[in-house]
Amino acid sequence: MNPVSLTVDDLREHYTQEIALVRPTCERTRDGTAAIRRRSAIVDRILIEMWRRAFTGLPAPNAALLALGGYGRKDLFPYSDIDVLFVYADIKAEELSREPVRAIVQAMWDVGLRASPNSRTLKEAGRFDPDNLEFTLATLDRRFLAGQFPLYQQLHQSVFPGLVLSEWNTITQKLSEIARSRHAKFGNTIFHLEPNLKDGPGGLRDYHLAVWFALLFHLKETKEWPRQRGGVFQSARGDAEAAFDFLAAARCFLHFRHGRDDNILDWQSQDEAAGLSIGLETRGTADPSYWMRTYYRHARVIYRRAVLLMEHLPAPVSFYRQFRRRRTPIAGTDFLLDQGRIDVQPGVQFSDTAAILRVFTLMATHGYTLSQGAEDRITDALPVLAIHIPEGPYLWNALREVLLGPHAAHALRTMHALGVLEMLIPEFHGIDALVIRDSYHRYTVDEHTFLVIDNVHGLRQPAHEYEQRLANLLPEIDRLDLFLLALLLHDTGKARRTGAHAQRSVELADSFLARLDFGFEERETVLSLIRLHLEMSLAMRRDIFDMENVRGFAEKLGSPQMLKMLTVMTFADIKAVNPEALTPWKAETLWQFYMATANFMDRSVDESRYHAAIDPTLLNRIRSMVPPAQYEQLGRFLEGLPQRYLQTRLPEQIRSHFEMARNLEADPVQLDLRPNRQLYDLTVITRDRSRLFADVAGALAAWGMNIVRAGAYSNDAGIIVDSFHFSDVFRTIELNPSERHRFLENMHDVVAQKVSIEQLLQSRKHLNHPSNIKVEVATRLEFDSESSSHATLLQVVAQDLPGLLRQIALTLSSHECDIKVALVDTEGETAIDVFYLTSHGEKLTAQAQESLSRQLLAALSGKQAAG
């Protein structure tokens, strides 16, 4: 056949004019669904015309043109590819159509359409390729465009249904495997700071996944395609459809914003989308936190429905299982248990709240899941159930059984998703999908709450050594049920954006406890835990071995029982903030602070600094590790070191530091670098000098290291033992072993003042530029001369930028401030650094604090501006 050439200048002009109207219309109406339907219609007209022109003057081919995938669904987003299928009756028809089809594909690109063409004969279309499931899935969303309609009907009514039915198990299992693998790449959670609207859990691909499963189940049951594709996937409350409309509007916004097929909802895009109220029914500007709250609600609906449909797939049947009774009635309810899934008997009308609560208890105890049908029936029955809401001891007994189950978080999530939890506890509604919008809090407040409860139950099977120690506290909690209830209610006060949320949570919890008819003692246990739930985290920002800090914390708690509960609660709470929040060293700090407070409560209190005359125990223990000739030197080294230093190090480490101190005569700078889990520990031992701490911090910043914890210690002889715990952000030491020697050599020269730290910082300035800042953190300073008996505490809250610690240390040095202890912490993009300071051996005067505050604010504001 002779080559076919199409003239498409007019089509290109038509497409350009029509598509130019889509964006302003979409921005005006904020209707993303209408926009993608309109683009689909525009492309339809162009392709139909191309087909007509390509075959004009040629015998009518026994071929057809089909729209597939997103285009087949009429979900053609602004920069999406155009998936089409050229199908032929046989090889002869394919040969006769080869040149016209080639011309059509070329014309699509010439017009400006990103073509993604496929070609199959009728026979080829009926074959299943297990390595190309994407094509089979694309044919589930097909539409006729042009050519021989009888050929399309044959495909639609016979070929494709026969293919899918014959390979139904393989298709559904592979589809499920692909979906689970995709979910795993995103951590099996919808909660991401910058979610992917297309591929992420709860995104558009999950919506279509749910539709595909619904369609496949329908086909298996009826042996025919549904008359209308959307008819197989209609949610009872229309929430899935509303979720699709929101995501469609948001994805259109992203495409238009970036001018390409970009589906990442980055931080700046969230701000802009909220400013334009994308996907919302209201006009004007929306708060970004509120807009993201809406996103998470919709993503939750889609993700849940997709997962439920995947779980509905029949499990492989073993020889033994086929003889077992599959559906077991659940006593006292209208529910059935079917292979770990709870279903509902047909035709049942719910009016008994007790039966439903019984089902959630089983879920919490055994980890069962509800079928989609059971969830829909419970949702439909809520108005009737709300009339008979249980209260008093009956409600508490039901809720108590759920909370104590090892799968409590799973049951509570389901109750929450179906509206049952809010029906029972209206106070919980305020934190539904509530977003704390910063780079530290990854989860919404409701999900955070469920994770806290999950973390406590997870201690039954500890995964780390520090979890094993905390797990030992669980059996010592007298009322685990009250403890878990406090966890469920501890953050409800965050619904009110202003003020201290702990007090507001107490007020909301009090109203709920009154409905449970709790006695004074039970109520006070729950309310005290909620009131105090932040205290341990706040105290850990101070020196955990400062007896004034320990004493103040212990006095707030009042009892060892409260200490145990608050320790486990703080562990679970921190771990539930984000996957990286509970670092091993923070878990270790938590345990050490627990032990220090427990010892204080037992009246086993140590002095703030070590003196052999008061406590010779440590000296005698380490003496066993050194020759007798070194006993006197060892005593001088230990004398005056802070108890914090001695209690956070093993005797072997102290002996090693003593050996380093003995070598100061040979080399006045002693360094030790060791890997410690994900971090590195750098110990610097030398004689005291001004700006030492600042210089080491600056050198680490120059190398691109991120300091997560630091300590500055000295003994009575003026020997400095500084420790820095840092992460190697660029993996410089890990990936380049030779750099370790150069790093230590460089650090040595900095401490010995052979290298100018300013010169070093300038030469490695390329490593110090901050990453894209998502949340601006205002600098805040707080002085406290009451918490410590010997030093003034300074807390610095600022933007976490490279070189921040050095800048602070330089300013402190210029004011003749001695750093007794430095506690460095980072939460997301917020640095929270606490320093114990003295000046000439005394606490800082009010005048000195005021002067230092002015200088620090000026220095840090300049640092942030430079960053």
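**Group meeting: a walk through the model**

In this protein, 71% of the contacts with a separation of 6 or more are between residues 24 or more positions apart. What you see above is a predicted model, so please take all of this as computed from that prediction.

Some overall figures. The protein has 867 residues, of which 55% count as buried. Its secondary structure comes to 36 helices and 16 strands. Along the principal axes, the C-alpha atoms fill a box of roughly 105 × 70 × 55 Å. About 37,900 Å² is exposed, with carbon and sulfur atoms supplying 49% of that area. As for charge, there are 98 positive and 110 negative side chains, and the centres of these two sets lie 5 Å apart.

Now the interior. The largest nonpolar core holds 217 residues, and those touching the most other members are Leu47, Met50, Trp291, Phe335, Phe360, Phe483 and Leu485. Helix H10, residues 239-258, gives the most to this core, with 12 residues. Apart from it lies another core, of 49 residues, including Leu692 and Leu856.

Last, two backbone details. Most residues other than glycine have a negative phi. Asn188 is not a glycine, yet its phi is positive, about 55°. Asn188 sits in the loop between helix H8 (168-185) and helix H9 (204-222). Ala433 also has a positive phi of about 55° without being a glycine, and Ala433 is in the loop between helix H17 (420-424) and helix H18 (445-458).

Are these two residues buried or exposed? Asn188 is partly exposed, at 46% relative accessible area, whereas Ala433 counts as buried because its relative accessibility is 1%, under the 20% cut-off.

How values were computed: Residues are numbered from 1 along each chain as its sequence is written. This is a predicted model: local features need pLDDT of at least 70, side-chain atom pairs count only at pLDDT 80 or more; totals for chains, interfaces and linings use all residues. Side-chain values use heavy atoms; hydrogens and water are left out. A nonpolar core is a set of buried Ala, Val, Leu, Ile, Met, Phe, Trp, Tyr and Cys residues joined through side-chain atoms within 4.5 Å. Buried means under 20% relative accessible area, exposed over 50%, partly exposed in between (1.4 Å probe, protein chains only). Helices (H or I, at least four residues) and strands (E, at least two) are DSSP runs, numbered from the N terminus. Contact means heavy atoms within 4.5 Å. Accessible areas come from the Shrake-Rupley method with a 1.4 Å probe; for residues, only the protein chains shown count as cover. Lys and Arg count as positive and Asp and Glu as negative; His and the chain ends are not counted. The place of a charge is taken as NZ of Lys, CZ of Arg, CG of Asp or CD of Glu.
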